[in-house]
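Work through the exercises below with the sequence and the 3D view side by side. Try each task before reading its solution.

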Amino acid sequence: MDIQNIEKKWQKYWQKNKLFEVNKNKEKFYCLEMFPYPSGKIHMGHVRNYTIGDVIARYKRMRGFDVLHPIGWDSFGLPAENAAILNKVHPAVWTYENIAYMKKQLMAMGFSYDFTREVTTCSPEYYKWNQWFFLKMYELGLAYRKSSMVNWCNDCATVLANEQVIDGQCWRCGNVVVQKELEQWFFKITNYAEELLTGCDTLIGWPEHVVSMQKNWIGKSIGTEVDFPIFESNERLRIFTTRPDTIFGATFMCIAPTHPLASQFLGNNSELKGLIDNYGKIDDKIGIFTEHFAINPLSEENIPIFVANFVLMEYGTGAIMSVPAHDERDFEFARKYGLAVRQVIIPKDVQVDDILTNAYIGEGVLVKSKQFNNLFNIEAIEAISKYIEEKGIGKRVVNYKLRDWGISRQRYWGCPIPIVYCKTCGVVPVPENELPVVLPEDIEFSGGSVSPLAQVESFCRVKCPRCGADGRRETDTMDTFVDSSWYFIRYCSTKEEDALDKENIKRFMPVDQYIGGVEHAVLHLLYSRFFTRVLRDIGVVDFDEPFRRLLTQGMVCKETLKCPEHGWLFTDEVKEDKCIHCGKEVLKGRTEKMSKSKKNVIDPNVLINKYGADTIRLFSLFAAPPEKDLEWSDQGVEGASRFLNRLWNLVETNVDTLKKTDIKGFRGNSGLFKKTHQTIMKVTESIERDYHFNTAIAAMMELLNEMTGLQHDDKSLKFAVRAMILLLSPFAPHIAEELWEVSGAERGISKQSWPEYDKEAAKEDEIELVVQINGKVRSKIMVDVGLNDDQIKGIALSDERVISFIGSSVVKKIIVVKGKLINIVVTN
RNA sequence: GCCGGAGUGGCGGAACUGGUAGACGCAAGGGACUUAAAAUCCCUCGGGUUUAGGCCUGUGCCGGUUCGAGUCCGGCCUCCGGCACCA
């Protein structure tokens with residue numbers, strides 16, 4: 001069989017007949033895969049992600065749904081700009097060339113996309129809407145500008161959002177992130193913190209761990225703010241605590257190095273400067289005594305105030321009361337600086353013991369807490385908070401870890417922020433009818449640290465939309481996560497239609513099944529949930545959650561190979577466990593996520609040329625269930641290829657029989673007929689239950705084994721072959737189409753319905769009854785199905801093997817599990 | 001440290017609400033076809049033991065519930081992922 005030509009033939013056929021465009025008169029199903037960044041060519045991660053999505057899309061189509069299955073390009077971003085600096089290619093040229101190439105690759109994989117809805121985020125028709133959303137958010141106060149300390153990556157010469165800093169490093173390049181003060185645009189995602197959190201409970205179709213990561217990131221905590229008067233001063237120090245029950249145990253105070261009182265108390269103290277410079281970089285707890293004291297408003301004691309590097313300015317009030325007896329961090333600090341530790345909560349039935357070896361963070365009863373003594377601490381939280389509010393020295397508050405989303409990027413290849421700065425009018429939004437603010441094309445890339453846009457005078461110089469005087473454009477561009485926060489909505493309408501057509505959105509949203517990598521568990525998915533709510537509030541959509549079900553597929557991994565002299569090696573650099581460059585023994589490393597740096601990658605192109613797309617699709621679905629990591633195995637690919645070949649040969653050798661046999665209205669009772677129904681059932685259930693394609697494929701393999709193993713009557717064989725091809729078609733669509741045609745059916749398996757199974761026909765006449773004695777399998781007897789318990793007991797008890805096992809023992813109890821087994825409990 | 005998830009043959013993985021552990025595939029071994037090889041086809045394949053039928057044992061470890069536990073409960077161990085001075 002000529003795989004290459006067969007695959008091309010059907011890809012052409014699909015395209016020509018527009019089989020994957022939506023058609024409006026059936027129930028919809030929106031199947032979406034996370035769109036790729038056009039980095040150059042597709043990798044195995046894409047292949048896996050898109051294969052999973054494609055099987056779902058094709059399956060749902062066969063089940064009669066009007067499937068929206070789009071694809072596009074997340075095409076703004078830094079690599080294009082880096083390529084421009086390196087190779088002197090314009091980012092647009094580089095990007096569009098990559099898109100063209102990758103699109104060809106996607107087509108070669110046989111993915112059933114509706115390419116007429118293709119979205120490219122770097123096109124002005126697309127990003128115009130980013131700007132429109134920005135203006136709407138600006139009007140609502142959801143987009144605002146402020147100066148703040150930001151995460152700065154020197155390598156990328158740009159700002160990063162909190163979510164984009166991983167272990168203190170840039171999420172993209174791994175460079176150490178530093179703090180820098182900058183004027184930035186922010187989206188007020190914190191306005192939606194509570195809603196995003198409670199919304200988590202409605203995400204029933206999402207993997208639990210993703211939901212919990214979102215909850216964690218939002219990080220709600222309920223607590224109390226309390227004012228501590230400063231001794232011999234009119235000032236107060238406001239702190240936030242979740243443990244007001246421990247307030248009588250507060251023996252000192254800590255404030256953040258950047259807290260206003262820190263410099264007020266210490267001035268230009270060099271020690272303080274050091275703390276600020278190394279803020280967030282040192283794990284050790286370091287403090288400086290301010291020589292000032294605060295008055296504990298409840299105990300009325302004077303307690304010292306420290307500046308401490310472990311207190312965060314951005315969270316709560318930037319100041320805390322320290323209760324070393326009941327907080328591990330405070331305990332560590334108190335130990336180091338020899339500060340008092342006073343236990344005010346004791347576990348029930350335990351003596352007070354001031355010599356703690358660890359902070360006690362558990363529950364207990366209050367002591368040394370005046371009128372609150374003997375209260376259980378959970379109740380004391382309530383009581384003391386209430387007391388504080390009544391005395392007017394504080395209030396209960398809710399805090400979130402979630403910060404506002406900084407979206408300014410000092411880069412060229414992104415969506416311009418539609419703002420003009422005017423000397424007289426200040427910050428002026430670009431009027432809606434002047435959108436889009438288009439990125440200028442003629443631009444120099446020096447690779448320096450100044451934003452390239454700021455150097456394009458023709459772009460920057462603009463009249464103020466309000467007063468007409470000379471103004472300057474904002475030269476920062478938007479974070480590319482803005483682009484991907486709503487692309488799923490753009491897909492709902494064709495390019496010719498209005499991007500935010502309400503009818504179209506209503507028809508297709510929300511996404512029924514979203515498929516992508518876990519790496520976006522907080523970033524993209526949280527931003528999209530936020531954006532959806534904003535769009536709801538400005539009347540574009542009428543739902544809260546964009547993605548009904550989410551499937552996070554595992555990584556594609558492969559064994560690593562290392563030569564002591566030449567380092568990481570590609571598979572083809574190794575012959576018989578030796579390095580082909582130096583002949584040294586190659587070490588097999590652990591199996592890791594495929595990456596260019598470790599050279600454990602496989603190029604999809606090579607595989608397509610060698611085996612064809614169907615084999616790759618089949619293997620990547622068979623080797624592991626979609627949510628688990630997949631270990632690449634060249635031999636496993638051979639196995640998948642073998643399966644398709646065996647099916648091919650079966651059809652080839654029986655072509656005449658298949659063509660001439662008529663199975664209209666056929667209902668057989670052969671073993672193969674039963675097996676066929678059982679297979680349809682198994683495959684359908686495997687897909688429906690959890691998209692466990694690996695077991696679906698295993699079932700098909702079983703059916704093929706049955707077909708090739710024995711002689712069958714023509715009708716049963718044809719029935720089995722046809723069902724088999726239909727079942728296989730979402731997984732290996734090219735071969736399925738070809739075999740469908742070859743075996744005499746009308747062209748176009750993609751238009752066929754999913755085969756139905758008949759539960760009755762799938763039922764066996766006889767079952768293998770397992771006979772256990774005291775829970776151990778002792779015999780297996782073939783019996784008719786549908787026998788009642790007594791009949792089964794009778795058969796089991798008269799079985800020779802069973803009789804000899806029971807011997808002289810006494811039968812105490814008999815348990816019958818219908819259709820499966822019988823357990824005889826005996827004692828001797 | 002906290003929060004999630006997972007530990008099953010040589011390997012990837014099956015086993016639905018507790019009911020035959022190891023489906024399916026890979027690797028390995030044996031055989032058929034072939035001058036030979038490749039391809040293909042057939043057989044074996046957790047461990048131990050037995051002349052055989054068989055028996056014993058086995059799902060990370062220890063205990064429990066149950067007629068019956070990979071599955072449920074309690075206590076550990078290991079690995080992976082996320083968060084990490086969030087007061």
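**Exercise 1: strand β12 and its partners**

Task: Work out which strands β12 pairs with, and in which sense.

Solution. The model is predicted.

Step 1. Start with strand β14, residues 302–308: β12 pairs with β14 in the parallel sense, over three bridges. To place the register, find M253, which stands opposite I305 in β14.

Step 2. Turn to strand β15, residues 319–322. β15 runs antiparallel to β12, and four bridges join the two. Here C254 of β12 has I320 as its bridge partner.

Step 3. Check the faces of β12, residues 252–255. F252 and C254 lie on one side, M253 and I255 on the other, and all four are buried, so both faces of the strand are covered.

**Exercise 2: strand β34 and its partners**

Task: Describe the pairing of β34 with β35 and with β37.

Solution.

Step 1. Take β34, residues 766–773, by itself. Six of its eight residues are buried, and the strand is mostly covered.

Step 2. Follow the chain to β35, residues 776–784. The two strands pair in the antiparallel sense over eight bridges, with E766 opposite D784.

Step 3. Look at the turn of this hairpin. Two residues lie between the strands, and N774 takes a positive phi near 50 degrees.

Step 4. Now find β37, residues 821–827. Its pairing with β34 is parallel and has four bridges. V771 has I822 of β37 as its bridge partner.

**Exercise 3: cysteines**

Task: How many disulfides does the whole structure hold, and why is C31 not bonded to C492?

Solution.

Step 1. Recall the bond in question. A disulfide is a covalent bond between the sulfur atoms of two cysteines.

Step 2. Search the structure: zero disulfides are found. The cut-off for the search is a pair of cysteine sulfur atoms within 2.5 Å.

Step 3. Apply this to C31. The closest cysteine sulfur is that of C492, and it lies 13 Å from the sulfur of C31, which is too far for a bond.

Step 4. Note the surroundings of two cysteines. C31 is buried, with a relative accessible area of 0%. C557 also counts as buried, at 7% relative accessibility.

**Exercise 4: aromatic rings**

Task: Count the aromatic pairs, then find which charged residues lie over F310 and F459.

Solution.

Step 1. The search of the whole structure gives 50 aromatic pairs.

Step 2. For F310, the residue over the ring face is K285, at 5.5 Å from the ring centre.

Step 3. For F459, the charged end of R473 sits over the ring, 5.5 Å from its centre.

**Exercise 5: contacts with RNA strand B**

Task: Find which residues come nearest to RNA strand B and which atoms of the strand they face.

Solution.

Step 1. There are 52 residues around RNA strand B, and those that come nearest are T242, K285, R329, R642 and N823. Of the atoms of RNA strand B that come within 4 Å of the protein, 63% belong to sugar and phosphate.

Step 2. Ask which element gives the most to the surface near RNA strand B. The answer is helix α22, residues 693–709, with six residues.

Step 3. Inspect single contacts. For T242, a backbone N or O atom lies 2.4 Å from a sugar or linking oxygen of the RNA. For T241, an N or O atom in the side chain is 3.1 Å from a sugar or linking oxygen. For K776, an N or O atom in the side chain is 3.3 Å from a phosphate oxygen.

Note on methods: Residues are numbered from 1 along each chain as its sequence is written. Chains are lettered from A and ligands numbered from 1 in the order in which they are written. This is a predicted model: local features need pLDDT of at least 70, side-chain atom pairs count only at pLDDT 80 or more; totals for chains, interfaces and linings use all residues. Side-chain values use heavy atoms; hydrogens and water are left out. Buried means under 20% relative accessible area, exposed over 50%, partly exposed in between (1.4 Å probe, protein chains only). Two strands pair if DSSP finds at least two bridges between them. Rings of Phe, Tyr and Trp (its six-membered ring) pair if their centres lie within 6.5 Å; planes under 30 degrees apart count as stacked, over 60 as edge-to-face and the rest as tilted. A charge sits over a ring if NZ of Lys or CZ of Arg is within 6 Å of the ring centre and within 35 degrees of the ring normal. A residue is near a molecule or strand if one of its heavy atoms lies within 4 Å of it. A polar contact is a pair of N or O atoms within 3.5 Å; within protein, one must be able to donate a hydrogen and the other to accept it, and residues adjacent in sequence count only if both atoms are side-chain atoms.
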